[in-house]
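This briefing concerns a predicted model. It is arranged by topic, beginning with the disulfide and moving outward through the strands.

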Amino acid sequence: MALRVNWGLAAPLALVLLTACVPAQRRPSWAIYPLPRAQPHDGLAVVSQPDGYGLHLWLETDTSQADVCRPRWLADPARLFNGNGSAPFSSGLATRAEFFEAVARKDVRRALRQELQALCAARAPKARWQWSEPPRNPREIRVQTFPLVEEQDLLPPPSEVRQREEELLNGGQAQ
């Protein structure tokens with residue numbers, strides 16, 4: 001009598017058994033939780049690598065259109081350290097590839113949506129919330145200019161500021 005193997009069930013079972021042999025600290029936990037930067041809801045931690053490493057996604061809102069608040073996607077996340085510990089923190093940059101891997105997950109997008117909606121409610125309470133999907137590949141990233149760094153808003157050179165101060169102190173006479 002020949003033994004028949006159902007490969008449709010055997011392959012997934014073998015994969016589960018092999019991954020179960022990897023110690024927990026060597027697998028990403030994919031823990032997702034709010035990790036504020038400056039105010040509630042403006043950051044999200046995603047533990048995407050073993051040993052608690054991952055991404056600290058910085059969340060921003062776009063209120064450039066009147067009465068609408070939507071996500072402003074920053075595809076260059078910070079590197080998360082100690083993500084499974086009691087004092088997670090971020091420093092430096094993670095890769096965009098890691099960002100794309102994280103936002104491809106439904107659980108990450110769900111958490112992003114919740115945090116960004118709460119951030120919009122705090123920053124623009126009268127604006128209508130409008131969700132937009134995060135970029136999933138480099139072609140979808142839009143370079144945005146922020147109005148606070150337009151040239152007319154930049155400070156003049158220090159030498160020019162010093163000259164103006166001296167003119168004011170000397171009653172309008174240049175030296």
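Cysteine 69 and cysteine 120 form a disulfide, with their sulfur atoms 1.9 Å apart. The two cysteines belong to distant parts of the chain, 51 residues apart, with cysteine 69 in strand E5 and cysteine 120 in helix H3 (residues 106-123). The structure, a predicted model, holds one disulfide.

**The disulfide**

- The link of cysteine 69 and cysteine 120 is left-handed, with -80° about the S-S bond.
- Cysteine 69 has 1% relative accessibility and therefore counts as buried, the cut-off being under 20% relative accessible area.
- Cysteine 120, at 3% relative accessibility, also counts as buried.

**Strand E5 and its partners**

- Strand E5 spans residues 68-72, and five of its five residues are buried, so the strand is largely enclosed by the rest of the structure.
- On one side of the pairing scheme, E5 runs antiparallel to strand E4 (residues 60-62), to which three bridges join it.
- Within the pairing of E4 and E5, threonine 61 has proline 71 of E5 as its bridge partner.
- The hairpin of E4 and E5 has five residues between the strands, and aspartate 67 in this hairpin takes a positive phi near 65°.
- E5 also pairs with strand E8 (residues 128-129), here in the parallel sense and over two bridges.
- The disulfide-forming cysteine 69 stands opposite tryptophan 129 in E8.

**Strand E2 and its partners**

- Strand E2 covers residues 43-46; Gly43 and Ala45 point one way from E2, Leu44 and Val46 point the other way, and all are buried.
- This arrangement follows a general rule: in a regular strand the side chains alternate between the two faces of the sheet.
- E2 pairs with strand E1 (residues 32-34) in the antiparallel sense over three bridges, and tyrosine 33 stands opposite alanine 45 in E2.
- E2 is also joined to strand E3 (residues 54-58) by four bridges, and these strands run antiparallel.
- In the pairing of E2 and E3, the bridge partner of glycine 43 is tryptophan 58 in E3.

**Helix H4**

- Helix H4 (residues 158-169) has twelve residues and reaches 16 Å from its first C-alpha to its last, close to the 16 Å expected at 1.5 Å a residue.
- Glycine 171, just after H4, takes a positive phi of about 75°.

Technical notes
Residues are numbered from 1 along each chain as its sequence is written. This is a predicted model: local features need pLDDT of at least 70, side-chain atom pairs count only at pLDDT 80 or more; totals for chains, interfaces and linings use all residues. Side-chain values use heavy atoms; hydrogens and water are left out. The expected span of a helix is 1.5 Å times one less than its number of residues. Buried means under 20% relative accessible area, exposed over 50%, partly exposed in between (1.4 Å probe, protein chains only). Two strands pair if DSSP finds at least two bridges between them. A disulfide is a pair of cysteine sulfur atoms within 2.5 Å.
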